[in-house]
Amino acid sequence: MKIAILSRNKNLYSTRRLKEAGEAMGHEVDIIDTLHCYMDITSSRSSVRYKGKELPRYDAIIPRIGASVTFYGTAVARQFEMMGTFNINESVAISRSRDKLRSLQLLSRKGIGLPRTGFASRPDNIKDLIKNVGGAPVVIKLLEGTQGIGVVLADTAKAAESIIEAFMGLKANILVQEFVKEAGGADIRCLVIGGKVVAAMKRQGAEGEFRSNLHRGGSAEVVKLSKAERETAVKAAKTMGLNMCGVDLLRSQNGPMVMEVNSSPGLEGIEKATGKNVAGMVFEFLEKNAKPDSTKTLGKG
């Protein structure tokens with residue numbers, strides 16, 4: 001097959017591994033800088049141009065779209081969908097997963113375990129907002145934050161009020177969530193492909209750090225999932241409409257809780273922790289499912 005990876009940096013581990021794995025399996029794999037694509041939007045004939053030329057027809061695309069370029073990146077992915085190219089993660093599903101508030105609302109509607117979460121825009125709701133999620137300590141998150149940036153733990157109600165007031169003063173959209181103390185600064189990243197958990201690792205935050213992101217000095221090790229954890233990860237991926245994603249879980253006394261569903265999960269940490277060829281599994285999924293005009297929304301959503 002002829003496959004394109006939409007990525008701004010060909011040297012990133014995940015991008016490089018996907019290209020290596022695809023070519024090792026006999027596929028033609030191109031890396032295309034998403035921001036350098038431009039679209040020819042013409043009646044009854046959609047196309048994508050790149051470096052002065054019209055791109056050829058691809059059997060499938062693998063979007064590796066960073067949070068900062070979600071709007072433009074999903075527009076490019078949508079254009080490929082309109083051309084009949086199979087997209088492993090549809091543009092609509094990527095947009096859905098990038099909106100943290102919308103994601104939580106959708107997961108909540110399906111009865112998936114979540115930390116108790118509050119969202120508000122008016123300062124006079126602050127005290128009740130904190131009380132409603134169980135009181136301090138609470139976790140305060142910027143809606144647009146990634147890799148642990150914009151996530152703050154407030155130990156006391158007074159500290160939480162001050163932080164929320166500061167964020168609101170900057171007109172930032174925030175979530176306030178209960179702090180799951182029993183998780184011990186660790187979470188579980190489940191890599192879901194095609195409705196199955198193909199790999200999982202436990203990420204432990206650095207000493208004194210409640211965030212478990214590997215980018216912030218956390219460590220990773222292979223972990224055995226319970227049936228409930230596996231089912232929760234699969235259900236979360238299905239709810240978001242993602243064929244490939246990372247589902248981050250917390251182990252709580254009330255069962256697994258979903259923290260986030262990531263539509264462009266990094267492969268380095270989980271491949272090194274588990275020793276699994278996750279990149280190869282992506283292409284195995286494409287071999288079985290990438291058919292022309294089989295993207296469900298076909299760019300309409």
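**Exercise 1. In this predicted model, determine which residues D248 contacts beyond its neighbours within four places in sequence, and state whether D248 is buried or exposed.**

*Solution.*
Step 1. Setting aside neighbours within four places in sequence, the contacts of D248 are D187, I188, R189, R203, M257, V258, M259 and E260.

Step 2. One of these residues, R189, also makes a polar contact with D248, side chain to side chain, at 2.5 Å.

Step 3. D248 lies in strand β15, which covers residues 244-252.

Step 4. The relative accessibility of D248 is 5%. The cut-off for buried is under 20% relative accessible area, so D248 counts as buried.

**Exercise 2. UniProt lists D248 and E260 under "binding site". Describe the place of E260, its exposure and its contacts.**

*Solution.*
Step 1. The annotation comes from an unreviewed UniProt entry, which names D248 and E260.

Step 2. E260 belongs to strand β16, residues 255-262.

Step 3. The relative accessible area of E260 is 33%. Because this value falls between the limits of 20% and 50%, E260 is classed as partly exposed.

Step 4. Apart from neighbours within four places in sequence, E260 is in contact with K100, G246, V247 and D248. The two residues listed by UniProt are therefore in contact with each other in the model, although D248 is buried and E260 is partly exposed.

**Exercise 3. Establish which strands pair with β6 and how its two faces are covered.**

*Solution.*
Step 1. Strand β1 (residues 2-6) runs parallel to β6 and is joined to it by four bridges. Within this pairing, I5 has I62 as its bridge partner.

Step 2. Strand β7 (residues 86-87) also pairs with β6 in the parallel sense, over two bridges. Here N87 of β7 stands opposite I61.

Step 3. In β6 (residues 60-63), A60 and I62 are on one side, with I61 and P63 on the other. All four residues are buried, and both faces of the strand are thus covered.

**Exercise 4. Assess whether the radius of gyration of the protein chain agrees with or departs from that of a compact globule, and summarise the fold as a whole.**

*Solution.*
Step 1. For 301 residues, a compact globule would have a radius of gyration near 19 Å; the chain has 20 Å, so the two agree.

Step 2. The C-alpha atoms fill a box of roughly 60 × 40 × 35 Å along the principal axes.

Step 3. The secondary structure comprises nine helices and 16 strands.

Step 4. Of the 301 residues, 50% count as buried. The chain exposes about 14,700 Å², of which carbon and sulfur atoms supply 49%.

How values were computed. Residues numbered from 1 in each chain as written. Predicted model: local features only at pLDDT ≥ 70, side-chain atom pairs only at ≥ 80, totals over all residues. Heavy atoms only, no water. UniProt positions renumbered as here; feature names shortened; annotations may be inferred. Buried < 20%, exposed > 50% of the residue type's maximum accessible area, 1.4 Å probe, protein only. Contact = heavy atoms within 4.5 Å. Polar contact = N/O pair within 3.5 Å; in protein donor to acceptor, adjacent residues only side chain to side chain. Rg over C-alpha atoms; globule rule 2.2 N^0.38 Å. Areas by Shrake-Rupley, 256 points an atom, 1.4 Å probe, with all protein chains shown as cover. Pairing = 2+ DSSP bridges.
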